[in-house]
Amino acid sequence: MTLSALVFILISVASIGLFAWKMKSIVAQIKLGKSVDRSNRKADRWKVMLLVAFGQKKMFTRPLVAVLHFIFYVAFVITQIELIEVFIDGFSGSHRFFFHAGLGRFYTAVISSIEVLSVLTFIATLIFFSRRNIIRLPRFTMAELKGWPRNDANLILFFELLLIGFIFLMNSADEARLNILSNDSYSFAVSQFIGPLLADALGNLDTLDVLSKIGWWGHLIMVFIFLNYLPYSKHLHILFAFPNTYFSNLDAKGKFSNMESVENEVKLMLDPNADPYAAPANDAAPQRFGAKDVQDLTWKQLLEAYSCTECGRCTSVCPANQTGKLLSPRKIMMDTRDRLSEVGNNKMNLEDGRSLLGDYITPEELWACTSCNACVQECPVNIDPLSIIVDLRRFLVMEESKIPSELTGMLTNIENNGAPWQFSPADRMKWTEEN
Ligand code: SF4
Ligand code: SF4
C-alpha cells in the first residue's frame, strides 16, 4: 500500500467516524422528544418527500432564488459521482479510474456537466453572498441572524468557492499534462480551455503534477471539512429535509392536535348527553400540559428544528412580524435547535435550570401569533413553527395560568357558558324569537 493510500484511508476513517459520532448525538437529542405516530399513509408520504424535498416544489414560489438553489442542489448531487471516483482513486492509488476503465465519452460528459454546473454554482454563490452582505435583504439581517448564523451562511458559501476552485485546479492541471504529453485533451467542457493556457504558462510536468495533486487532495479535504461541519450548521437540512418532509403532518392546516385528556373533559363539559363514566381510549394523565422545554415537544418537532434552513420565508410572511411584533417563526425554530443542542452538549442534562420557554422564547413572542399558518404554508421543507408555539402556549395557560388579560374573559365564558360570549346557554336561541 502506498503512503498516499494510507493517508487517504486514515483521513477518511477519521472524518467519517467523527461525522457518525456527531450524528449519533443529534439523533439521541431528537429521540428526547415525545412520541407521535407518523407511520400512516406511506404512499402520500413518499409523494410529499419526492415533491417537496427532492423536487424542491415549494421553492418555486420565488422562481429566481429557486433556480439558483436548484443549481446548487443538482451540482451537489452530480458531484457525488465524481466523489465515488475520488474514493476509488484514493484507495487504489489510481488517477481518474473511470476514464481509464474505458468510460471515455460518458466520463467526459459527466465531468463536463460537473464543470458547467460548477461555473453556474460559482455565479449563484456570488449572488447569494451579495444578497446577504451587500444588498442585505431584510430577512437576512434580522436580529436572530446576527453572529454565528450569519457567519455560518457565509462560511458555507466560502467552502463552496474553495470546492469549485480545487475541482478546476485538478481538471485544468490534468488537461495541461495531457496537452504537453500527447497534444491531446480530455475535452472537459471548461478546463479543456484552461489546460493549454496552464501548459503554456508552466510547461513543466512535475509542477502540473503537483497542482493536480493539490486539486485532488484539496477537493477531498474540503468534502470532509464540509461533512463534519454539517452537524453544526443550518446546512444539515441537505440531509434532514428528506426525513422531515416524509414525516410531514398530513392533516389539514389549522387542525389542532388536541390533548386527549383535555378533549374528553371539554366534551363532558359541552355535551349534555356525554357519559361521564365512559372510559376514554387513553386516560393516562399527561406528564405536563403543553411544553416548557424540548423534551415536552415531539421527536418530529425536534427533527424540524434541526431541518430548518434559516431561510426566513416563514418570518417574511408572518403577519405578527410584519406588524412589528417580537415574533419570528424562524427564531422559534432556531431557539428550539439551540436549546436542544445545549442539552446535548450538557450530556442530555435537562435539569440545568434552563428551559426553552423563558430562557429562549418569551411569552410576548408566543402571544403575538395569530395562528394563521402562513409560516407553515411557506416553509420549503414543511416545518411547522406554529405547533411549537401552540404547545408552549398550552403550558403557559394550563400549568402556569399565565394568560393575557384579553383572553381571560373569553376562557371564563367558555368554561361557564360553553361559548366565548357572555350569554347563558339557556338564552342561546333567543335570537330566533320574534319581538
Ligand atoms: S402562524 Fe403565527 S408564527 Fe406563523 S405566520 Fe401566522 S402569526 Fe406568524
Ligand atoms: S421554518 Fe422553514 S421557512 Fe422558516 S426559516 Fe426554517 S426552513 Fe425557512
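The exercises below, each with a worked solution, deal with a predicted model of a chain with two domains and two ligands.

Residues are numbered from 1 along each chain as its sequence is written, and chains are lettered from A and ligands numbered from 1 in the order in which they are written. Local features need pLDDT of at least 70, side-chain atom pairs count only at pLDDT 80 or more, and totals for chains, interfaces and linings use all residues; side-chain values use heavy atoms, with hydrogens and water left out.

**Exercise 1. Describe how the two domains meet.**

Step 1. Set the bounds. Domain 1 covers 3-30 + 62-246 and domain 2 covers 260-422; such bounds come from an automatic or database domain assignment. Their C-alpha centres lie 41 Å apart.

Step 2. Count the contacts (heavy atoms within 4.5 Å). On the side of domain 1 there are 22 residues, which touch 31 residues of domain 2.

Step 3. Find the buried area, that is, the accessible area (1.4 Å probe) that two parts lose on being put together, summed over both. The two domains bury about 2,200 Å² between them, and 56% of this is on carbon and sulfur atoms. Within domain 1, the most area is lost by Q29, I30 and N244, together 31% of what that side buries.

Step 4. List the polar links. A salt bridge needs a side-chain nitrogen of Lys or Arg within 4 Å of a carboxyl oxygen of Asp or Glu, and two occur across the interface. A polar contact is a pair of N or O atoms within 3.5 Å; within protein, one must be able to donate a hydrogen and the other to accept it, and residues adjacent in sequence count only if both atoms are side-chain atoms. By that rule 10 residue pairs are in polar contact across the interface (both at pLDDT 80 or more).

Step 5. Assign elements, using DSSP runs numbered from the N terminus (helices: H or I, at least four residues; strands: E, at least two). Helix 1 (3-30) and helix 9 (237-246) each give two or more residues to the side of domain 1 that touches domain 2.

**Exercise 2. Compare the shells around the two ligands.**

Step 1. Take residues with a heavy atom within 4 Å of the ligand. Ligand 1 has 13 residues around it, and C318, C369, C372, N373 and C375 come nearest. Helix 17 (374-378) and helix 18 (385-398) give two or more residues to this shell.

Step 2. Repeat for ligand 2. Of its 13 residues, C308, C311, G312, C314 and C379 come nearest, while helix 12 (313-317) and helix 14 (329-345) each supply at least two.

Step 3. Sort by class: Ala, Val, Leu, Ile, Met, Phe, Trp, Tyr, Cys and Pro are nonpolar, Asp, Glu, Lys and Arg charged, and the others, Gly among them, polar. The shell of ligand 1 has 10 nonpolar, three polar and no charged residues; that of ligand 2 has eight nonpolar, two polar and three charged.

**Exercise 3. Locate individual side-chain links.**

Step 1. The whole structure holds 19 salt bridges. One of them joins D174 to R96 (2.8 Å, N to O). D174 is in helix 6 (residues 148-182), and R96, 78 residues apart from it, is in the loop between helix 3 (63-92) and helix 4 (97-100).

Step 2. E378 and R62 form another salt bridge, at 3.3 Å, N to O.

Step 3. N321 belongs to helix 13 (residues 319-322). A polar atom of the N321 side chain lies 2.9 Å from the backbone oxygen of L327.
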